[in-house]
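User: Could you take a close look at one interface in this assembly for me? I would like a connected account of how the two chains meet.

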10 protein chains.
Amino acid sequence: MLYHVRMEVHPPTHLPPAEFDRLKAEEKAQAQALQESGRWVHLWRIAGQYANISVFDVADHDELHAILSSLPLFPFMSVAVTPLARHPSAI
Amino acid sequence: MLYHVRMEVHPPTHLPPAEFDRLKAEEKAQAQALQESGRWVHLWRIAGQYANISVFDVADHDELHAILSSLPLFPFMSVAVTPLARHPSAI
Amino acid sequence: MLYHVRMEVHPPTHLPPAEFDRLKAEEKAQAQALQESGRWVHLWRIAGQYANISVFDVADHDELHAILSSLPLFPFMSVAVTPLARHPSAI
Amino acid sequence: MLYHVRMEVHPPTHLPPAEFDRLKAEEKAQAQALQESGRWVHLWRIAGQYANISVFDVADHDELHAILSSLPLFPFMSVAVTPLARHPSAI
Amino acid sequence: MLYHVRMEVHPPTHLPPAEFDRLKAEEKAQAQALQESGRWVHLWRIAGQYANISVFDVADHDELHAILSSLPLFPFMSVAVTPLARHPSAI
Amino acid sequence: MLYHVRMEVHPPTHLPPAEFDRLKAEEKAQAQALQESGRWVHLWRIAGQYANISVFDVADHDELHAILSSLPLFPFMSVAVTPLARHPSAI
Amino acid sequence: MLYHVRMEVHPPTHLPPAEFDRLKAEEKAQAQALQESGRWVHLWRIAGQYANISVFDVADHDELHAILSSLPLFPFMSVAVTPLARHPSAI
Amino acid sequence: MLYHVRMEVHPPTHLPPAEFDRLKAEEKAQAQALQESGRWVHLWRIAGQYANISVFDVADHDELHAILSSLPLFPFMSVAVTPLARHPSAI
Amino acid sequence: MLYHVRMEVHPPTHLPPAEFDRLKAEEKAQAQALQESGRWVHLWRIAGQYANISVFDVADHDELHAILSSLPLFPFMSVAVTPLARHPSAI
Amino acid sequence: MLYHVRMEVHPPTHLPPAEFDRLKAEEKAQAQALQESGRWVHLWRIAGQYANISVFDVADHDELHAILSSLPLFPFMSVAVTPLARHPSAI
């Protein structure tokens, strides 16, 4: 099932920059592993913002929440989830 | 270039239903032709709403506006456009 | 899978009252059949508003959208869908 | 009487993580005791967010406020309460 | 139990003025009967708006909804309900 | 003259808890003195929130502002003031 | 006492233009009489909008509401009232 | 002086299409004359919307309002005006 | 030319109180000098808020920005500017 | 291609002022170099705010994002991007 997810990152001011850089590197590795597994099917940068628009293809709400909440930057994100159904005009 | 577009349809109350049905049929044909041409690359229904989330791949802003503003249902839509850039973690 | 759905009805002013009453009766019958089938698991009135908060238990986004969009009052509703995951503190 | 409650947690940055973990463990114990007592009748995670949607069944507004305001994470929550009435189409 | 209710009236343009005047007269009579019965305990006009702020004292959510939804102007109102608890500093 | 006032408290994270407790005790004393004087005529807790809805009866805007801005918790509050006029249906 | 009032006019589409022109002429006459009487002390057009920002000097909330609600265009206005107190830095 | 103006057109449903087409033609002629006169210095279409972003260079607020409020489509527009000052980093 | 300006002060928590008091004293002196010069023509306190509504009469946008951005409390303010034109019904 | 960009700066409170001043000087140099290269075609100050409205002329979304995200003040900005198409009435 497909979910549209918008994530916006609010970098913390109370973390040492090196610590935040480490979290970003872990986030990138995790994002790429999820893309390779076929669960994170689209990942786009919103131009001009520290934010992305993504599409996930997972089994259910629980799997989606498990994935999102275990992202290293999750504590610094605001996240909006929209369930996507098939469109009658889609080919 | 990729554009994220959210379209929400507000069916008019002042049109005869048959006229609106005709516009919807034309909209569907146009949406499918644009998908086949490779310019309307994703089209998803937002679950529970008369709305869709789409991704377009077109040459520039002018082509995007020409496509959107010539959709038969355009006069009854609210539309939000977000330019999508490449994400550094995308594979 | 569980979905939280908020529906608010905006009664149309361009329909004859008898026609709207007929739609409401059909809506009620459909809501009760869906409750009996186990797919519409909770249905509460929001105090003071022509609106409800509901929980659906359906197979996927497509089934949810099919159910909601075929409700007789759907054309007169604004609808918000929230996917519900299991809470780690739920017993 | 039923109340729909939406709680969103904003983890504090000024608390030592161990202290916040202790509060979360207390919150979980309290949430489970309230569920067992029949007063916290539903508790769902909003997919993708550090937030829940809950339904409480308590005697009155004062009992609801006493319960919510004594939750260990209450100082870090934004809370929205909606009174739920019986829906005429509910079975 | 006390409920804070904000009501804003949006006069319909599709009703003959005499019909709307009749509804307003009925609304006034009903509001005064409810005040006399002790259930509509405060009724104030918001200065500069066709809106009021009220406090109701009723048995439960169902009674509140029954009262509000049977007001003659209810179809033309937007209504917001806030449950009021006892304040620890109130004398 | 009557004023409807909504106050929401945002407890500061930079004050020692004992200092904030002292301010809360002073706030309570001041609120009770103002109620006894007849100027703070209603004080209700909004269920589930660190917020209240109040009604003041004072001579004019200046007196209202003097009272509100001298509350010990005023620096930590967001405040909304609504002037209340007599309602033609009030008894 | 001073009140800051923002009025925005939403011209009705269901009135004959001549009727709306007549109401505008009456509104203008009434606005000028109120200015001459010293109660409508400032009246400015918001550049680019069919809206004004005004300051009234009246005895109390009831007089303000009586004035505003008897303006010929009141049924087509959205109105926001802000009570103005003396500023400690005003000379 | 420069003013940033955002205009969004809400086509009326109560006008015959030919009448609205006539207004659009007049609007276009007036927009072009104002551009040629140097007062309407930029005019861009917002991609995907019946809206524009413009910059005007006029003597003062009164001239701006006179220009905007005499546009043939002004009755069907929502307009937002932002005064632009010189930026210290502009070359 | 007249500008309507709404300023809301958000006192900083990272400044020593004595430093903030010094800035407030400077702000007051500057506000009074600007009033005496005829450029800050109105200054009102919004009842119940650490905010003011003001009217400035200055030569142009640049002068307005220079004045506002040099106020000692400017770094702690949110500011909204509305250009005011002459109203056709003003006397 | 043209992009309308609104940038609002939220100065950090956790940076030493000298460090922030250094970033502002770098920002100014970078803004001027981008203007000279023809990619940052307009840069205006919003009167009364620490914010600007800009127009960029760049090859595509990726170039826009690369420019914006490398601005020294980018971590302290909220940014909104609007793609601009040619307007049919532009001369």
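Analyst: Happy to help; here is a walk through the contact of chain A with chain B, followed by a short look at chain H with chain G. Please keep in mind that this is a predicted model.

Chain A and chain B each bring 26 residues to their contact. Together they bury about 2400 Å², and carbon and sulfur atoms account for 67% of that area. On the chain A side, at least two residues come from each of strand S1 (2-9), helix H1 (17-36), strand S2 (40-46), strand S3 (51-57) and strand S4 (77-86). Sorted by class, that side of chain A holds 14 nonpolar, 8 polar and 4 charged residues. The count of salt bridges between these two chains is 0, while 14 residue pairs, both members at pLDDT 80 or more, are in polar contact across the interface. Strand pairing crosses the boundary too: S2 of chain A runs antiparallel to strand S4 (residues 77-86) of chain B, with 3 bridges joining them. A:Ile46 sits opposite B:Leu84 of that chain B strand.

Now for chain H and chain G, where the contact takes 9 residues from chain H and 7 from chain G. The buried area is about 560 Å², 64% of it from carbon and sulfur atoms. H:His14, H:His65 and H:Val79 give 62% of what chain H buries here, more than any other three residues. Salt bridges again number 0, and 3 residue pairs (both at pLDDT 80 or more) make polar contacts. Helix H2 (61-69) and strand S4 (77-86) of chain H each give two or more residues to this side, with H2 of chain H supplying the largest share, 4 residues. By class, the chain H side has 6 nonpolar, 3 polar and no charged residues.

How values were computed:
Residues are numbered from 1 along each chain as its sequence is written. Chains are lettered from A and ligands numbered from 1 in the order in which they are written. This is a predicted model: local features need pLDDT of at least 70, side-chain atom pairs count only at pLDDT 80 or more; totals for chains, interfaces and linings use all residues. Side-chain values use heavy atoms; hydrogens and water are left out. Contact means heavy atoms within 4.5 Å. Buried area is the accessible area (1.4 Å probe) that two parts lose on being put together, summed over both. A salt bridge is a side-chain nitrogen of Lys or Arg within 4 Å of a carboxyl oxygen of Asp or Glu. A polar contact is a pair of N or O atoms within 3.5 Å; within protein, one must be able to donate a hydrogen and the other to accept it, and residues adjacent in sequence count only if both atoms are side-chain atoms. Ala, Val, Leu, Ile, Met, Phe, Trp, Tyr, Cys and Pro count as nonpolar, Asp, Glu, Lys and Arg as charged, and the others, Gly among them, as polar. Two strands pair if DSSP finds at least two bridges between them.
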